[in-house]
Amino acid sequence: MKKRWWILIAIASIIIVVFAIIFRATADVKTGLQFYLAPDNVSVSIDGQKSFVVSYGSKTKIAPGEYSLEFSSDGFESTTQKFTVTDNQLTPIYLSLTPISDEAKSIMQTEDMQLRGDRAGGYENSVESTKLEEDYPFIDKLPIYAEYYTVAPCNDGDTVVICVSLYMDNETQRQNAVDDMKNAGIDTSSVKIIYKDI
């Protein structure tokens, strides 16, 4: 009789473990990253350590926090970007790698990859964005939001400048905005600043 109980308990335990494994494997990722990439089979390295391969629509669990992700694939230019993962949220990553080999360029010319590239902003936009950041190094440090003003890049003819939109236009708030820009690493002496009263 005791032997039969032990067998039933063992079988019940096995069934519970199997259901737990199946549930965990099929549970939807609630906190992590979801990748919308062109091309497929992109190698991702998180903070230079954990490495895995993803394709369009792939999801991965990752604890909340800030991460530096490096993306690479044969024939494509590697790139590194920073992302913040928030608890109970999938952080979408839209990325189109820049092809450098002829084979990679032909892959990116397929209709599917063109659509993905368009959704990710296209690798042409990525190249233009990199040039824009080189020409105007303050762009990646903006916007800055404060209680009485917002600091953001804006156009002044053919030039990108910094616009400070002031909710209370006075000398104190202007100086606070300049101080915030300096704290963000912006050399305010080398860029035109336009103040706007809103």
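**From a disulfide to two cores and a pocket**

Cys163 belongs to strand 10, the stretch that covers residues 159–166, and this residue is a convenient place to begin a walk through what is a predicted model. Cys163 counts as buried because its relative accessibility is 5%, and buried here means under 20% relative accessible area. If we leave aside its neighbours within four places in sequence, Cys163 is in contact with Thr150, Val151, Ala152, Cys154, Ile194 and Lys196. Another residue to look for is Pro143, which stands 20 residues from Cys163 along the chain, with 9.8 Å between the C-alpha atoms of the two.

One name in that list of contacts, Cys154, deserves a second look, since Cys154 and Cys163 are joined in a disulfide whose sulfur atoms lie 1.7 Å apart. The structure holds 1 disulfide, and the link of Cys154 and Cys163 is right-handed, with 70° about the S-S bond. Is Cys154 buried or exposed? With a relative accessible area of 16%, Cys154 is buried, because the cut-off for that word is under 20%.

We can now turn to the nonpolar cores. The largest nonpolar core has 22 residues, and those that touch the most other members are Phe35, Leu69, Phe71 and Ile93. Two or more residues of this core come from each of strand 1 (32–38), strand 2 (42–46), strand 3 (50–54), strand 5 (65–72), strand 6 (79–85), strand 7 (90–96) and helix 2 (102–108). Strand 1 gives the most to this core, contributing 4 residues.

To see the surroundings of one core member, the reader may follow Phe35, which, leaving aside its neighbours within four places in sequence, is in contact with residues including Val44, Phe52, Val54, Tyr56 and Thr60. Leu69, Phe71 and Ile93 are also among the contacts of Phe35, and these three are named with Phe35 as the residues that touch the most other members of the core. Apart from this core there is a second, separate one of 16 residues, which includes Leu142, Leu166, Ala177 and Val178.

The last stop is an open space, the second largest pocket, which holds about 150 Å³. Which residues lie closest to the centre of this pocket? They are Pro137, Phe138, Asp187, Ser190 and Val191, out of the 13 residues that line the pocket. Sorted by class, the lining of the second largest pocket is made up of 6 nonpolar, 3 polar and 4 charged residues.

Conventions: Residues are numbered from 1 along each chain as its sequence is written. This is a predicted model: local features need pLDDT of at least 70, side-chain atom pairs count only at pLDDT 80 or more; totals for chains, interfaces and linings use all residues. Side-chain values use heavy atoms; hydrogens and water are left out. On a 1 Å grid over the protein atoms alone, a cavity is a set of points where a 1.4 Å probe fits but cannot get out, and a pocket is an open set with protein on both sides within 12 Å along at least five of seven lines; lining residues have an atom within 4 Å of a point. Grid points are joined across faces, edges and corners, and a volume is the space filled by probe spheres set on the points. Ala, Val, Leu, Ile, Met, Phe, Trp, Tyr, Cys and Pro count as nonpolar, Asp, Glu, Lys and Arg as charged, and the others, Gly among them, as polar. Buried means under 20% relative accessible area, exposed over 50%, partly exposed in between (1.4 Å probe, protein chains only). Contact means heavy atoms within 4.5 Å. A disulfide is a pair of cysteine sulfur atoms within 2.5 Å. A nonpolar core is a set of buried Ala, Val, Leu, Ile, Met, Phe, Trp, Tyr and Cys residues joined through side-chain atoms within 4.5 Å.
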